[in-house]
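The following exercises concern the structure shown below. Please attempt each task before reading its solution.

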Amino acid sequence: MSFLPVGRFAPSPTGPLHRGSLFIAVASYLDARARGGRWLLRIEDLDTQRCRPHYQDLILQTLQRYALNWDGEVWRQSARREVYAEFLQRLHLHPGLYACRCSRLHLRGQERYPGTCRHRGLDGAEHALRVYVDARRIDFDDRLCGAQSDQPATQCGDFVVWRRDQNASYQLAVVVDDACSGVNSVVRGADLLDNTARQIYLQQMLALATPEYAHLPLLCDAQGRKLSKQNHAPAVSLEDPVSELAAILTRLGHPVAPSLCRQGCGAMLAAAAADWDVRRIPPTTGPAT
Ligand SMILES: [Zn+2]
């Protein structure tokens, strides 16, 4: 039976989409559609300090303007706390969790959690929860970055799966949502590559399938900095989506003919999907123009 991908785009509504985030949306969309698969949309809005509902509306509007039409309902992480809590209970049983009261200040400068609270026996109701990490090595083949091998125990140590404010950590929420929505093909930015071993570790602990992964090169600005909200990357145009999409498709190694551009974003995406090969994405992308 041939593989039918289920991909997803999972933005955080902390600002409008910029070219770097739209680049990821277009790549994940094309990669799923080119193989006859589904493409889901998930709003990662667990960071209540930084997420804003009007940015969520703007993101949906932007995707529609670019003819990036998703399948099914939009998932919102803020509505899924009870589901995350169920999976947390499974981690309690195996491999086990413990409460951690270490502050960011206390852990500053340490890449790996040193296990300070492992034997403190703290009450989890007031603190973050960390999962016990064993010494296993996580190997996976990234479709763009090649063979990867990481050991979470030395990379990050026991990591947080439940936050002090009593909701899922990013790592747990992503793993649970991908599994519950049937996502089997993840296309996302290379800034998340070093999260992947932790997420596969959680998949193994929870007996969930591991999706295939492709981590995309990050777009940079003229100063060579990653395009991001933190670096004040400008929002993509809602007035002229065709020019923006044409630039993104060229960056993805799949330029479309000017005659197609006159037919709009839907026709451009269809043409790029007909010709799609994820391996044609250039490994480095240089400054955005
Ligand atoms: Zn601690």
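The exercises proceed from the overall fold to single residues.

This is a predicted model, in which local features need pLDDT of at least 70 and side-chain atom pairs count only at pLDDT 80 or more, while totals for chains, interfaces and linings use all residues. Residues are numbered from 1 along each chain as its sequence is written.

**Exercise 1.** State how many helices and strands the protein chain contains, and assess how compact it is.

*Solution.* Begin with the secondary structure, where helices (H or I, at least four residues) and strands (E, at least two) are DSSP runs numbered from the N terminus. The protein chain has 10 helices and 10 strands. Next, take the radius of gyration, computed over C-alpha atoms, and the globule rule, 2.2 Å times the number of residues to the power 0.38. For 289 residues the rule gives 19 Å and the radius of gyration is 20 Å, close to it, so the protein chain is as compact as a globular protein of that length. Finally, consider burial: a residue is buried if 20 or more other C-beta atoms, placed from the backbone, lie within 10 Å of its own, exposed if 12 or fewer, and partly exposed in between. Of the 289 residues, 36% are buried.

**Exercise 2.** Determine the strand order of the three-stranded open sheet, and which strands stand at its edges.

*Solution.* Two strands pair if DSSP finds at least two bridges between them. The order is β1-β2-β3, with parallel pairing. β1 (6–9) and β3 (75–76) are the edge strands; each has a single partner strand, so one side of each lacks a neighbour in the sheet. Four bridges join β1 and β2, and V6 has R38 in β2 as its bridge partner. Strand β2 (residues 38–43) and β3 are paired over two bridges, with R76 in β3 as the bridge partner of I43. Helix α1 (residues 19–33) packs on the sheet, where it touches β1 and β2, and its direction makes about 165° with that of β1.

**Exercise 3.** Is α1 enclosed or exposed, and does its length agree or disagree with the expected span?

*Solution.* First count the buried residues: 15 of the 15 in α1 are buried, so this helix is largely enclosed by the rest of the structure. Then compute the expected span, 1.5 Å times one less than the number of residues. For the 15 residues of α1 this should be 21 Å, and the end C-alpha atoms are 21 Å apart, which agrees.

**Exercise 4.** Identify the residues that touch the most other members of the largest nonpolar core.

*Solution.* A nonpolar core is a set of buried Ala, Val, Leu, Ile, Met, Phe, Trp, Tyr and Cys residues joined through C-beta atoms within 7 Å. The largest such core holds 41 residues, and A25, V26 and A27 touch the most other members. Its largest share, nine residues, comes from α1. Beyond its neighbours within four places in sequence, A25 is in contact (C-beta atoms, placed from the backbone, within 7 Å) with F9, L63 and L68. A separate core of 27 residues includes Y84, A128, V133 and M205.

**Exercise 5.** Locate the cis peptide bond and describe the backbone and burial of A67.

*Solution.* The cis bond joins H94 and P95, with omega about 10°; P95 belongs to the loop between α3 (81–93) and β4 (97–100). A67 is not a glycine, yet its phi is positive, about 60°. This residue lies in the loop between α2 and β3. A67 has 16 C-beta neighbours inside 10 Å and therefore counts as partly exposed.

Methods: Contact = placed C-beta atoms within 7 Å. Axes fitted to C-alpha atoms, helices over the stretch in contact; angles between N-to-C directions.
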